[in-house]
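Trainee: Please give me a close look at a single sheet, starting from one of its strand pairs, and then follow the rest of the chain outwards from there. I would like one connected account.

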Amino acid sequence: MLFWSSLLVLFILPSIALCAEDFYKLLGLDRDASDREIKKAYRTLSKKFHPDKNPNNEDSHTKFVSIAEAYEVLIEPQTRKIYDQYGHEGLAQHQQGGGGHQGHHDPFDLFSRFFGGSGHFGHHGGERRGPTMEAQIDVPLRDFYMGKEMQFTIEKQAICSSCEGTGSDDGVVDECSVCSGRGHRVQRHMLAPGIFQQVQSVCDACGGKGKTVHNPCTVCHGARVVREPETHTLDIEKGMPRGVRVTFENEGDESPDWVAGDLIVNVQELDPSLGEEDHEKTDGTFFRRRGNDLFWTEVLSLREAWMGSWQRNITHLDGHIVQLSRPRGKVVQPNAVEVISGEGMPIWNNDRSNDSGDEEYGALNVEYVVILPDTMASGMEKDFWNMWEKWRKKLAVNLWDDSGRSKAAPIHNEL
Ligand SMILES: [Zn+2]
Ligand SMILES: [Zn+2]
């Protein structure tokens, strides 16, 4: 008998080792991953491969089960150590020898410990969903231009991991004896002889939960939930419009009584200000954005606007230079707008499949403002005056005639 069973083990073990995928690989983790990273990976992957989201897909169902298994092995220091040293084979032996917990939790039960409810998404079964949580994140224009992966932390109500949402220190939860687990009580009041009124009220012994706990959890004090910071990664894609709403599925407030709702992050543009670092000190910081276009105001002196022969280097949001210039003799009219195509915002495509191709950009619109001098040195003023006098007599250009208005007009607007 003993002989046969050990022979059986010999046959079974290699087949387990062959078909089981590496737990770290499965969760997309390095071998030195922290507990936080393991939890995070489980949160992300279990949602992705949940059977509710992939109906009739046997592969993702298998993956969902494997992810739960990998999580449970790696989150427990003892089983993780065994797995690190001896792999799947070692774990199988450990479980056969009766070490640690026998078998595995139901993967849906594990899911519900993270996201509440009964382990399902609630889209199908009409399960109660928690409230949607909203947050706003302001990012500088530079991040909309270049794209950025940023971390943010938000505080939310989380299922107490110490008691796994039971509220009990020893895991013992009793049915409330007052309401027999119903959470409410029905009382009969006699209004008049033979006439009764039934009044239903929330059971005050258990607060409507239908359950009581003798030894409340020391972490959540029986509340089953705690307030906890949760860190998320927000992927700001190049050219995303301001006001875009990014959904983090099931990352809202958690409770054992419902399936966690979504967290929706509203991405807005931060008011421009010069940053601390060099790459943040660009002219582009002060570009204004409308859709795919950028706007910039450039100031020219009277001499530059009129005579030409000038050059400007504008540092764009990513630090590259956009050169503006005019050769001598090229006039720029006040408030003229120069449209420089290809120097606006990257054109955002919600369809990620287009990410690989060449990026398209909007235009940069440069408006020229011409500043006339308020005062001049007296010698300079005299020189200019005399020059005007000389040339207006010679040329006698009459703008009034050109405008086609009546000759009787009293004022002559000359060069
Ligand atoms: Zn009760
Ligand atoms: Zn607790």
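**A sheet and its surroundings**

Mentor: Strand 10 pairs with strand 11, which covers residues 293-301, and the two run in the antiparallel sense, joined over three bridges. Within this pair, R288 stands opposite F295 of strand 11. Please keep in mind throughout that this is a predicted model, whose protein chain averages a pLDDT of 86, with 86% of the residues scoring at least 70.

The pair belongs to an open sheet of four strands in the order 10-11-15-14, and the pairing within the sheet is mixed. Its edges are strand 10, residues 288-290, and strand 14, residues 337-346, each of which pairs on one side only. If direction is ignored, neighbouring strands of this sheet are turned by 35° against each other on average. Strands of a sheet pair through backbone hydrogen bonds, in either the parallel or the antiparallel sense.

A second open sheet makes a useful comparison, for it has three strands in the order 1-9-8 and its pairing is likewise mixed. Here the edge strands are strand 1 and strand 8, the latter spanning 244-248, and each pairs on one side only. From one strand to the next, the twist in this sheet averages 25°. Strand 8 runs antiparallel to strand 9, residues 263-269, and five bridges join the two, with R245 standing opposite N266 of strand 9.

At the other edge of that sheet, M133 lies in strand 1, which spans residues 133-139. M133 has 18 other C-beta atoms within 10 Å and is therefore partly exposed. Leaving aside residues up to four places away in sequence, M133 touches K156, G252, D253, G261 and L263. The C-alpha atoms of M133 and E251 are separated by 8.2 Å, although the two residues are 118 apart along the chain. For the protein chain as a whole, 63% of the contacts between residues at least 6 apart in sequence join residues at least 24 apart.

Strands 4 and 5 form a hairpin with two residues between them, and G194 in the turn has a positive phi of about 85°. Strand 4, residues 184-192, runs antiparallel to strand 5 and is joined to it by eight bridges; in this pair Q187 stands opposite V199 of strand 5. Strand 5, residues 195-202, is hardly covered, since the count of buried residues among its eight residues is zero.

Two residues other than glycine also have a positive phi. E164 has a phi near 55° and is found in the loop between strand 2 (148-159) and strand 3 (174-175), where its 18 C-beta neighbours inside 10 Å make it count as partly exposed. R224, which is not a glycine either, has a positive phi of about 75° and is found in the loop between strand 6 (211-212) and strand 7 (225-236). R224 is buried, because 24 other C-beta atoms lie within 10 Å of its own and the cut-off is 20 or more. Buried residues make up 19% of the 415 residues in the protein chain.

There are ten helices alongside the 15 strands of the protein chain. Helix 3, residues 35-48, packs against helix 4, residues 58-75, at an angle of about 170° and with the axes 10 Å apart. That angle makes helix 3 roughly antiparallel to helix 4. On the helix 3 side the contact is made by D35, I38, Y42, L45 and S46, and on the helix 4 side by F64, I67, A68, Y71, L74 and I75. The residues of this contact divide into nine nonpolar, one polar and one charged.

D59 also has its place in helix 4, and this residue counts as exposed because it has 9 C-beta neighbours inside 10 Å. The C-alpha atoms of D59 and F49, which are ten residues apart along the chain, are separated by 8.9 Å.

One stretch calls for caution. Over residues 7-18 the pLDDT stays under 50, and the model has eight contacts beyond four places in sequence for this stretch. Where pLDDT is low, the predicted coordinates should not be read in detail.

How values were computed
Residues are numbered from 1 along each chain as its sequence is written. Chains are lettered from A and ligands numbered from 1 in the order in which they are written. This is a predicted model: local features need pLDDT of at least 70, side-chain atom pairs count only at pLDDT 80 or more; totals for chains, interfaces and linings use all residues. Two strands pair if DSSP finds at least two bridges between them. Axes are lines fitted to C-alpha atoms, for helices over the stretch in contact, and angles run from 0 to 180 degrees between N-to-C directions. pLDDT is the predictor's confidence in each residue, from 0 to 100. Two residues are in contact if their C-beta atoms, placed from the backbone, lie within 7 Å. A residue is buried if 20 or more other C-beta atoms lie within 10 Å of its own, exposed if 12 or fewer, and partly exposed in between; C-beta atoms are placed from the backbone. Angles under 35 degrees count as roughly parallel, over 145 as roughly antiparallel, 65 to 115 as roughly perpendicular and the rest as oblique. Ala, Val, Leu, Ile, Met, Phe, Trp, Tyr, Cys and Pro count as nonpolar, Asp, Glu, Lys and Arg as charged, and the others, Gly among them, as polar.
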